[in-house]
Amino acid sequence: MRPLRYSINVTLDGCVHHEAGLAPDEESMRYWTAEMQRADALLFGRVTYEMMESAWRQPATGTWPDWMNDWEIPFAETIDRAKKHVVSSTLSGADWNAELVRGDVGQAVRRLKQEPGEGLWVGGVTLPLALADLGLIDEYEFVVQPVLAGHGPTLLAGLRERIPLELVDRHEFRSGAVALRYRTAYATA
């Protein structure tokens with residue numbers, strides 16, 4: 001069974017709004033590119049899918065936008081070509097190498113996890129909370145930003161049950177951010 005990994009940037013006070021942490025730099029983009037490359041497929045809710053598509057989908061011209069730095073292009077190329085599954089009851093369709101996931105999200109994700117491969121990657125806020133409540137996330141990766149946001153959505157707010165975790169990896173960035181990867185107890189059982 002391939003593992004489901006949840007990865008997200010989070011401030012020291014738990015904020016997970018995508019603009020609350022440090023601006024991406026070359027080192028962090030290399031890190032996130034490698035994380036995306038470890039996944040067979042990406043799993044997004046509608047909001048995260050639309051946000052990522054608006055930022056990272058390659059334009060029809062085949063030329064990346066002028067605002068994009070050269071060091072961002074490997075990340076853009078990786079996410080652009082990745083297979084995606086989008087959980088949504090409101091979208092009528094999805095492209096950008098994406099399939100819609102409808103109905104019982106727990107059953108759908110269990111099926112995806114049963115497929116052969118190295119792993120699935122989920123990002124965002126709402127969908128990961130639902131998947132954590134269902135006990136479907138095997139690894140949590142938090143890139144903790146050395147910032148206090150003071151406001152915004154917080155990490156896994158409303159989680160129903162406590163989830164014990166085991167630290168399996170740690171990576172420090174020059175910016176002061178720290179990536180912490182944890183495995184759930186049921187992932188090791």
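**Exercise 1. State how β1 and β6 pair in this predicted model, and over how many bridges. Then place β1 among its other partners and decide how enclosed it is.**

Solution.
Step 1. β1 pairs with strand β6 (residues 139–145) in the parallel sense, and 7 bridges connect the two. A residue pair that illustrates this is S7, which faces E141 in β6.
Step 2. Turn to strand β5 (residues 120–122). β1 runs parallel to β5, and 3 bridges join them. Here Y6 is the residue that stands opposite V122.
Step 3. Check accessibility, with under 20% relative accessible area as the cut-off for buried. Of the 8 residues of β1 (residues 4–11), 7 are buried, so the strand is largely enclosed by the rest of the structure.

**Exercise 2. Describe the pairing of β3 with β2 and with β4, naming a residue pair for each, and judge the burial of β3.**

Solution.
Step 1. Between β2 and β3 there are 5 bridges in the parallel sense. G45 has V87 in β3 as its bridge partner.
Step 2. Strand β4 (residues 98–101) also runs parallel to β3, and 4 bridges join these two strands. In this pairing V86 stands opposite L100.
Step 3. Because 4 of the 5 residues of β3 are buried, the strand is largely enclosed by the rest of the structure.

**Exercise 3. Decide which residues of α5 are buried and which elements cover them. Is T126 buried or exposed?**

Solution.
Step 1. Locate T126: it belongs to helix α5, which spans residues 126–133.
Step 2. Apply the cut-off of over 50% for exposed. T126 has a relative accessibility of 66%, and therefore counts as exposed.
Step 3. List the buried positions of the helix: L127, P128, L129, L131 and A132.
Step 4. Identify the cover. The elements over the buried residues of α5 include the strands β1, β2 (41–45), β3 (83–87), β5 and β6, together with α4 (105–114).

**Exercise 4. Find what backbone feature follows α5, and how far T126 lies from G158 in sequence and in space.**

Solution.
Step 1. Move past the end of the helix. Just after α5, G135 adopts a positive phi of about 70 degrees.
Step 2. Return to T126 in α5. In sequence, T126 and G158 are 32 residues apart.
Step 3. Take the C-alpha to C-alpha distance between T126 and G158: it is 10 Å.

Notes. Residues are numbered from 1 along each chain as its sequence is written. This is a predicted model: local features need pLDDT of at least 70, side-chain atom pairs count only at pLDDT 80 or more; totals for chains, interfaces and linings use all residues. Side-chain values use heavy atoms; hydrogens and water are left out. Buried means under 20% relative accessible area, exposed over 50%, partly exposed in between (1.4 Å probe, protein chains only). Two strands pair if DSSP finds at least two bridges between them. Contact means heavy atoms within 4.5 Å.
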